Amino acid sequence: MKITDLKCTVIGDNPVVRIVTDEGISGYGEVESYKPYLVPHVLHFKPALLGQDPTNVERVMLRIRQRGGFKPWGSAVSAIEMALWDVAGKAAGLPVYKLLGGKVRDRVRVYNGAVREPMTGYTPADFAENTARMKARPEGFTIVKQAIAFHGPMRTQVPNFFYGEPEQVPLAGTLIRGLLTERGLNHVVACVAAMKEVLGDEVGLALDCGPGWAVPDAIRLARALEPLHPLWLEDLITGDYVPYVSADVYREVTRASTVPIHTGEQIYLRHNFKGLIEGHAVHIVGPDPCDVGGIAELKWVAEYADLHGILIAPHGTGNGLLGLAALVQVCATLPSNFIAFEYPIGKPAWWYDIVRGLPDPIVQDGHIEVWDRPGMGVDFDVEAAAAYLPEADRDFFA
Ligand SMILES: [Mg+2]
């Protein structure tokens with residue numbers, strides 16, 4: 001089998017990659033949402049892929065892997081990797097999880113970091129009200145993630161939150177840092193306590209916190225929250241779009257309390273997890289298959305983390321429905337250091353009308369049943385999807 005074309009377009013908010021072969025099989029991958037600027041980055045890999053056998057996934061990846069970087073620059077390589085696995089599975093007539101070593105679980109746990117209810121404000125009462133609505137959702141999520149402090153508007157909405165400038169920059173993931181005021185820290189702790197009051201010990205509470213915390217604040221936060229048993233504190237130091245790791249700084253925070261410390265959604269490649277894993281600098285890593293370099297890359301990180309007693313909860317919020325399928329396939333194969341992955345949703349909602357193969361409902365009791373169709377197990381309803389193609393890419397499915 002040979003690759004005859006590489007295509008990329010934007011459907012809704014997500015760039016979508018299509019690998020075309022000479023045997024009539026196509027493979028699809030998806031880039032995290034809001035990155036239309038990555039289409040040319042994807043397409044520049046075309047000469048390196050043409051004529052290659054897509055079922056030799058690793059051999060193809062060796063040709064392109066060096067041209068990725070931390071988020072968002074790992075997305076193109078990652079989406080191509082997923083499309084290759086999709087082809088390889090379809091060609092073999094097997095679900096991708098079989099090609100990754102087989103499943104070790106029949107259903108995978110997901111956590112809610114993307115199904116949002118609008119916030120009414122940023123007081124403890126607002127967080128309690130919002131969290132109650134999350135708890136009541138029909139998906140029955142067993143873990144809910146909420147954004148606090150430097151992750152989200154709290155830093156600008158709470159007066160005197162920190163000793164820095166709460167700048168508004170029209171780019172996601174702009175790194176704003178600073179020492180918290182005593183009021184700011186008290187406010188964060190009060191909001192977490194209010195959410196825990198709602199969730200009790202029935203539903204786990206994960207907290208996306210930064211990046212941007214100063215080390216002493218991060219330690220004070222972790223120690224203050226110890227009695228509340230949050231499931232993890234995410235991205236206190238680096239994360240999001242930060243193009244470095246700072247494993248040594250994380251280690252200082254992680255050693256200071258018993259609250260699980262989590263990071264890694266922006267990191268590209270296994271090599272860049274070395275410091276976190278070998279240095280025992282966090283308790284949980286959270287690579288995103290759409291940014292880390294693909295699903296086999298994510299599995300490698302998971303296995304290496306497991307050797308070191310470190311847990312994994314993969315990121316996935318903007319990965320769309322093809323990204324969801326990829327997460328289901330790889331997470332079915334991870335060792336038991338797997339906690340849950342972040343459940344991506346289709347945006348806009350018509351995405352659910354153009355993808356076939358997903359269960360209905362998708363999430364039950366906070367889990368997704370692993371399906372057995374070949375490849376990633378989902379495909380486009382080409383006729384329905386074609387209606388949403390940009391004018392310039394009308395031939396995407398041709
Ligand atoms: Mg995060």
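Q: Where is Pro361 in this one?
A: In this predicted model, Pro361 sits in the loop that runs between strand E12 (355-356) and strand E13 (367-369).

Q: And what is the peptide bond from Asp360 to Pro361, cis or trans?
A: That bond is cis, with omega near 0°. As background, most peptide bonds are trans.

Q: What about the bond from Gly210 to Pro211, cis or trans?
A: The peptide bond from Gly210 to Pro211 is cis, and its omega is near 5°. Pro211 belongs to the loop between strand E6 (204-208) and helix H9 (215-225).

Q: Since E6 came up, how many of its residues are buried?
A: Of the 5 residues of E6, 4 are buried, so the strand is largely enclosed by the rest of the structure.

Q: Which sheet is E6 part of, and what is the strand order there?
A: E6 belongs to an open sheet of 6 strands in the order E5-E6-E7-E8-E9-E10, with parallel pairing. Strand E5 (143-147) and strand E10 (311-312) are at the edges, and each has a single partner strand, so one side of each is left without a neighbour in the sheet.

Q: How many bridges does E6 make with E5, and how many with E7?
A: E5 and E6 run parallel and pair over 5 bridges, while 3 bridges join E6 to E7, again in the parallel sense. On the E5 side, Ala147 stands opposite Asp208 of E6; on the E7 side, Leu207 stands opposite Leu233.

Q: Further along, how many bridges between E8 and E9?
A: Strand E8 (residues 261-263) and strand E9 (residues 284-285) pair over 2 bridges in the parallel sense. His262 has Ile284 in E9 as its bridge partner.

Q: Switching to backbone angles: what is phi at His229, and where does that residue lie?
A: His229 has a phi near 55°, which is a positive value in a residue other than glycine, and its place is the loop between H9 and strand E7 (232-234). For context, most residues other than glycine have a negative phi.

Q: How does His229 count for exposure, and why?
A: His229 counts as partly exposed because it has 13 C-beta neighbours inside 10 Å, and that class lies between the cut-offs of 12 or fewer for exposed and 20 or more for buried.

Q: What about Ser246, what is its phi?
A: Ser246 is not a glycine either, yet its phi is positive at about 60°. Ser246 lies in the loop between E7 and helix H10 (247-254), and with 17 other C-beta atoms within 10 Å this residue is partly exposed.

Q: Now Val301: buried or exposed, and in which helix?
A: Val301 is in helix H13 (residues 295-307), and it is buried, with 28 other C-beta atoms within 10 Å.

Q: Which residues does Val301 touch?
A: Leaving out residues up to four places away in sequence, Val301 touches Arg270, Phe273, Val285, Pro287 and Val292.

Q: And how far is Val301 from Gly212?
A: Their C-alpha atoms are separated by 25 Å, and the two residues are 89 residues apart along the chain.

Q: Different topic, helix packing: what are the angle and axis distance for H6 and H8?
A: Helix H6 (residues 124-135) and helix H8 (residues 182-199) pack at an angle of about 35°, and their axes are 8 Å apart. The crossing of H6 past H8 is right-handed.

Q: Which residues meet there?
A: From H6 the contact takes Pro124, Ala125, Phe127, Ala128, Thr131, Ala132 and Lys135, which meet Ala190, Cys191, Ala194, Met195, Glu197, Val198 and Leu199 in H8. Sorted by class, this contact has 11 nonpolar, 1 polar and 2 charged residues.

Q: Last one, the domains: what are the bounds, and how far apart are the centres?
A: The domain assignment gives domain 1 as 3-93 + 381-393 and domain 2 as 99-376, and their C-alpha centres lie 26 Å apart. The contact takes 36 residues from domain 1 and 31 residues from domain 2.

Q: Which elements supply the domain 1 side?
A: Strand E2 (14-21), strand E3 (26-30), helix H4 (75-92) and helix H16 (382-386) each supply at least two residues of the side that touches domain 2, and H4 gives the most, with 12 residues. By class, that side of domain 1 has 15 nonpolar, 12 polar and 9 charged residues.

Notes:
Residues numbered from 1 in each chain as written. Predicted model: local features only at pLDDT ≥ 70, side-chain atom pairs only at ≥ 80, totals over all residues. Pairing = 2+ DSSP bridges. Axes fitted to C-alpha atoms, helices over the stretch in contact; angles between N-to-C directions. Left-handed = near helix turned anticlockwise from the far one by under 90°. Contact = placed C-beta atoms within 7 Å. Nonpolar A, V, L, I, M, F, W, Y, C, P; charged D, E, K, R; others polar. Domains from an automatic or database assignment.
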